[in-house]
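Student: I should be grateful for a close look at a single part of this structure, set in the context of what surrounds it. Please proceed from the general arrangement to the detail.

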Amino acid sequence: MKKALVFTLMAALVVGIPLTKKYFKSETLKEVEIEQVTMQTIKASILASGQLKHEEEVKLSAEVIGKVSKLYVEEGQKVSKGQLVLKIDDQTYVAAVEQQQAAVDQQRVAIERQKMVVENLARQWKRKTKLFEQKLLDTDAYDAITHQYSVAKIDLKAGYEQLKQVEARLEQSKDQLSKTKVVSPIDGTITSLDIKEGETAISGTTNIVGSSLMTIADPQSMLAEINVDEADIANINVGQKAEIIAIAFSDTPLSGTVESIASSAKVSRGSQSLSFAVKLKLGENADISLRPGMSCRAEVFTRGEQNMLAVPVKAIQTEEDNDKDLVENFVFVLSDGVAKKTQIKAGISDDSFQQILEGLDKGVSIITGPDKIVRHLKDGDKVAIADNEA
Amino acid sequence: MTKSPYDVSEENLASESPKSLTIFTNIFAAPQKAYEDLKYAYPVAFPLLTIVLLNMALIIALYATIDYEWFVDHMVEMQAGDVTKAEQDQMRQGMEMMSPSMMGGFGAVMAGLGIAAIYCIQALYFVIVSGITNDGFQFKQWLSFVSWSSLPSLLGTLASAVVVFTSTDGQLSPESLNPLSLNELFFGMNAIEGMGNILATTDITMFWSIALLTIGYSKWTGKDTIKSFMIVILPFVLYYGIRLLFI
């Protein structure tokens, strides 16, 4: 009897307390923020990130190897087209020119000498031809002089060809010598100076130290180059307005216009998806010092301003059904203290609002936050409006 | 010849060992009798495995029912005050990499090992006390003693299971799962930290276990109830004292 009583009490404890708590304790209401469905002005836009760049920018690299003997510019200095900016030690190249010049001279002397040999043999050949015709010279001797004369003429021809060869080498050496003087190809400013006097400049295109000398850019030609995802590129057109925010000046939005769209896609760094490079020309901007290489994000407005039925973006939840390949959007409507899951059809959006095409009427109260509650809200959950909303 | 109360020979055990199920019934309804029986035969496996397996089953059931996305957010939120935003994101990513069943399996194994470790530590404490008082009891006897005395904790486990199985939305936080905890029954404090957390991890069955330990200790060693209570309560005082210091 006693045992039965104890185990009955235990069973009551185990089942009774949790069930009593569940069904009789006043349910904790989830405190939510609400907003009404209203007409909003939406500027449909596409967000993308990229970098500020100079439209006209050249990277100078060395075409010959050598120690930098003189640097005529410093970073930030303005330079004009054709201005000497850097000189590479030319001792070796001057010596090479002199050597090739001497070879040319030597070849010219050799040709003069061969010319005299040919003239001499020509005279001999004429005399011996007359003697041969008078039968005073045997055939062997005549053939010998004829052969000598022909070979001498060929040697002269070879001498001329040899001269062309050494002259070409001389031109090559002069060209190498001229490349020891680096000049600016454009009017602009030195935006990056990657080498110092005494360091060795290395020719080549690989990114090794010494291969890049400096970058010269036209500061007036600053633009933003953003990477637009291939899914969005169809909505971008030349001439569309954009708002650009350089990360360094996040409080100062810059105006811009789409200037060009790349014709082919590429895989941008740090991403696996394809994107198109879109160049945005910067408008008249506030007095801020923009520098190439600065990170920026841009909002390109793909459609004009429109007044439409909309809800805050944060109120919209998405449910994916991978089996049916369906993506459904829904919001929670506040109805008699209960969150009612309501499916919607969403249209265009901007940073804050999303257009409602179907599912909601103007003036309906929808639950917009806080995010941590909305994210886990279920259809039929009892909710209360948060104090700051009441 | 009079038999020693500590005679644990096979012959003695065979002749006097009551069934574990009888002890199980008596530990709740007639504890004096249960400890009398346990003095001669002290099975460990039955109570220990019952407690460990039921707790493991509870954790697996919890993670099978839980709204995992909500749970991840809840766990991250619990750490929000102590870690940076980047660390929270890392924690979220780490948890999202694990499936609920994997998390449940891992949690169940950890809980099983934890319970066994706690009982071993408690038994070790009684072994040390035995060493001082020379009462002749050994580790296995004390482990059996502690395990049987902890059986009331099953009520908390079963009550938690009722909460899990009657949940409709799966939004169950482990720290407020036990409806028999002091926090759930009386205080309703924030169970995530501080005093609320201590109260949430202490349920009323603990007092039942302390009472059983006192009765059993007194029965086994012949010490009076006050002395037995003082010895039994000391580890609990130490444990809660340390937790209070870190609030």
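Tutor: A helix here is a DSSP run of H or I of at least four residues, a strand is a run of E of at least two, and both are numbered from the N terminus. On that basis, chain A has four helices and 22 strands. The model is a predicted one. Of the 390 residues of chain A, 19% count as buried. Among its contacts between residues at least 6 apart in sequence, 76% join residues at least 24 apart.

The part that I propose to examine is helix α3 of chain A, which covers residues 139-178 and holds A:Leu170. A:Leu170 counts as buried because 20 other C-beta atoms lie within 10 Å, and 20 is the lower limit for that class. Setting aside neighbours within four places in sequence, the contacts of A:Leu170 are A:Val97, A:Gln100, A:Gln101 and A:Val104. A:Ala96 belongs to the picture as well: the C-alpha atoms of A:Leu170 and A:Ala96 are 8.1 Å apart, although 74 residues separate the two in sequence.

An annotation also bears on this region. An unreviewed UniProt entry places a "coiled-coil region" at residues 156-183 of chain A. In the model, that span is 82% helix and 11% strand, and its end C-alpha atoms lie 43 Å apart.

Strand β7 (181-183) of chain A leads from here to a sheet, where β7 and β9 (200-201) stand at the edges. The sheet is open, its four strands are ordered β7-β6-β4-β9, and the pairing is antiparallel. Each edge strand has a single partner, so one side of each is left without a neighbour in the sheet. Within the sheet, β4 (residues 66-71) and β6 (residues 84-88) of chain A are joined by three bridges, and A:Val68 stands opposite A:Ile88 in β6(A).

The surroundings include chain B, and the contact between the chains takes 17 residues from chain A and 17 residues from chain B. On the side of chain A, helix α1 (residues 2-24) gives the largest share, 13 residues. That side divides into nine nonpolar residues, one polar and seven charged.

Chain B offers a useful comparison of helices. The largest nonpolar core has 25 residues, and B:Ile27, B:Leu38, B:Trp142 and B:Phe145 are among those with the most contacts inside it. Elements giving two or more residues to this core include α2 (20-29), α8 (139-149) and α12 (205-221) of chain B. Another core, of 20 residues, lies apart from it and includes A:Ile46 and A:Phe276. B:Phe145 touches B:Gly216, as well as B:Leu38, B:Tyr42 and B:Phe126, when neighbours within four places in sequence are left aside. B:Gly216 is one of the buried residues of α12(B), which also include B:Leu212, B:Tyr217 and B:Trp220. The cover over these buried residues includes α2, α3, α8, α9 (153-166) and α13 of chain B. The 17 residues of α12(B) reach 24 Å from first C-alpha to last, close to the 24 Å expected, and just after the helix B:Gly222 takes a positive phi of about 80°.

Helix α6 of chain B (residues 85-97) agrees with its expected span, because its 13 residues should reach 18 Å and its end C-alpha atoms are 18 Å apart. Nevertheless, α6(B) is hardly covered, with zero buried residues among its 13.

Terms used. Residues are numbered from 1 along each chain as its sequence is written. Chains are lettered from A and ligands numbered from 1 in the order in which they are written. This is a predicted model: local features need pLDDT of at least 70, side-chain atom pairs count only at pLDDT 80 or more; totals for chains, interfaces and linings use all residues. A nonpolar core is a set of buried Ala, Val, Leu, Ile, Met, Phe, Trp, Tyr and Cys residues joined through C-beta atoms within 7 Å. A residue is buried if 20 or more other C-beta atoms lie within 10 Å of its own, exposed if 12 or fewer, and partly exposed in between; C-beta atoms are placed from the backbone. Two residues are in contact if their C-beta atoms, placed from the backbone, lie within 7 Å. The expected span of a helix is 1.5 Å times one less than its number of residues. UniProt positions are given in the numbering used here, feature names are shortened, and annotations may be inferred rather than shown by experiment. Ala, Val, Leu, Ile, Met, Phe, Trp, Tyr, Cys and Pro count as nonpolar, Asp, Glu, Lys and Arg as charged, and the others, Gly among them, as polar. Two strands pair if DSSP finds at least two bridges between them.
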